[in-house]
Amino acid sequence: MTNRKALISGAGVAGPALAYWLVRSGWDVTIVERAPELRAGGYKVDVRGAAATVLQKMGLHAAAKERDTRMQQVTYVRRDGRKIASLPADLLMGRRGDDLEIMRGDLGVLLADACGAEIVYGDSISGISEKSVTFASGRTGEYDVIVAADGLNSTTRQLVMPEVTLDHLGAYISIFEVPNDLGFEREEIMYTEPGRLIFAYAMDADGPARVGMTFASEPLAYDRRDVGAQKDLLRAAFAGRGWRSDDFLAALDHAPDFYFDSLSQVQASSYSSGRVVLLGDAGYCPSPAAGQGTSLALVGAYVLAEQLNNGGGFDGYERLMRPYVEKNLVFGRKMAGDMVPASRLAIGFRNYGMRTLKFHPRKEQVINKVLAPLHEAASAITI
């Protein structure tokens, strides 16, 4: 009996995590990745709750913990850069117990090195028929299972499930690297004005900083492959705004990495069609506002592999994942609105809360109550 063959589209987090489990169960696994090489840059991501348990089962939690960002504090600033308040990062960002924060590129390298699958870079799926798969390179292949793990705007999903659309949450986000001329270390700085958020963080004073810019907007028409057009949209949204907005925009053309996309969710009525199954952001992206996309990918990979191996199949995978996913989608929708408050009153109220919280004798209890929906969503499945 020949080994079952799986083709995974996408070498981000979800794809290599699934490959790790399938390879160890005797599957013949190939990952195809459109990018010419593994993406080593990116932004920081959280691994919480059930996802931390998955990393432990993979034997990778200790290695990931060694690469933890170890952020120390979050600082809110005014338009002119004067400090409003500083609070401990772990407290404010809701990391508890085995939770960790790691650069997405660092986690991707760990998973790719551990997965044991063949990774083919610079190629992608261009067609799927009843029996075979055609690639952009012109080659073809036959696979028992095809996994769309190629992100929010999955081209694989579009080939077989074009009815799945994105739910726009009213904002766009960009993250890119800049020189750390602020001189800050293991600190994240946040500036907010109506409909706009700027955040910047750095792991050490000698390394680069990463800047995030989020702005409220109705859906915009632009070419996702046209980076220049995306940068123009960002300039139009932030030129002349507060804090260091113009300085950061000036660094755009020299940024070695650049990410731009909508805050959107995928809410698929089914996670599979025929022998194709959706995994991670391709199937249930909660949006960056939730901070749970990486965790959903890790958990989804574990559950999918388990169900493929024990006979539960795609139906079992969806049955187990759906309640967990839904809780995270709800949390993501709430947080999308909180990221870019629409009024100065809302911002003033938030700033007052941050300024006074550090003096509150029960600040841990206050934060835990606020973040209870996050912790519930992160652990809403048993691993």
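At the start of helix α7, a side-chain oxygen of Asp226 comes to within 3.2 Å of the backbone nitrogen of Gly228. The model is predicted: local features need pLDDT of at least 70, side-chain atom pairs count only at pLDDT 80 or more, and totals for chains, interfaces and linings use all residues. Residues are numbered from 1 along each chain as its sequence is written, and side-chain values use heavy atoms, with hydrogens and water left out.

**Helix α7**

Helices (H or I, at least four residues) and strands (E, at least two) are DSSP runs, numbered from the N terminus. Helix α7 covers residues 227-238. At 1.5 Å a residue, its 12 residues should span 16 Å, and the end C-alpha atoms lie 17 Å apart, which agrees. The expected span is 1.5 Å times one less than the number of residues.

Gln230, Lys231, Leu234, Ala237 and Phe238 of α7 are buried. Their arc around the axis is only 120°, so they sit on the same side of α7. That arc is taken from the directions from the helix axis to the C-beta atoms. Buried means under 20% relative accessible area, exposed over 50%, partly exposed in between (1.4 Å probe, protein chains only). The cover over these residues includes β12 (166-178), β14 (196-202), β15 (209-216), α8 (245-250) and β16 (258-266). After α7 comes Gly240, with a positive phi near 75°.

**The seven-stranded sheet**

Strands β14, β15, β12 and β16 recur in an open sheet of 7 strands, ordered β5-β4-β13-β14-β15-β12-β16, with mixed pairing. Its edge strands are β5 (83-88) and β16, each pairing on one side only. Neighbouring strands are turned by 20° against each other on average, direction ignored. Two strands pair if DSSP finds at least two bridges between them. Helix α12 (residues 344-357) lies across β4, β5 and β13.

Glu193 belongs to β13 (residues 187-193). It is buried, at 4% relative accessibility. Its side chain makes a polar contact with the side chain of Tyr191 (2.7 Å). A polar contact is a pair of N or O atoms within 3.5 Å; within protein, one must be able to donate a hydrogen and the other to accept it, and residues adjacent in sequence count only if both atoms are side-chain atoms. Leaving out residues up to four places away in sequence, Glu193 touches Arg79, Arg241, Gly242, Pro341 and Ile347. Contact means heavy atoms within 4.5 Å.

**The six-stranded sheet**

A further open sheet has 6 strands in the order β7-β2-β1-β11-β18-β17, again with mixed pairing. At its edges are β7 (118-121) and β17 (272-273). Two helices lie across strands of this sheet. Helix α1 (residues 14-23) crosses β1, β2 and β11, at about 170° to β2. Helix α11 (residues 313-339) crosses β11, β17 and β18, at about 10° to β18. Axes are lines fitted to C-alpha atoms, for helices over the stretch in contact, and angles run from 0 to 180 degrees between N-to-C directions.

**Strand pairs**

| Pair | Bridges | Direction |
|---|---|---|
| β2 (residues 28-33) and β7 | 4 bridges | parallel |
| β3 (residues 44-47) and β6 | 4 bridges | antiparallel |
| β4 (residues 73-77) and β13 | 4 bridges | parallel |

Glu33 faces Tyr121 in β7. Lys44 has Met103 of β6 as its bridge partner. Tyr76 stands opposite Met190 in β13.

**Strand β6 and His61**

Strand β6 (residues 100-103) is covered on both faces: Leu100 and Ile102 are buried on one side, Glu101 and Met103 on the other. Leu100 is also among the residues that His61 touches. His61 lies in helix α3 (residues 61-66) and counts as buried at 11% relative accessibility.
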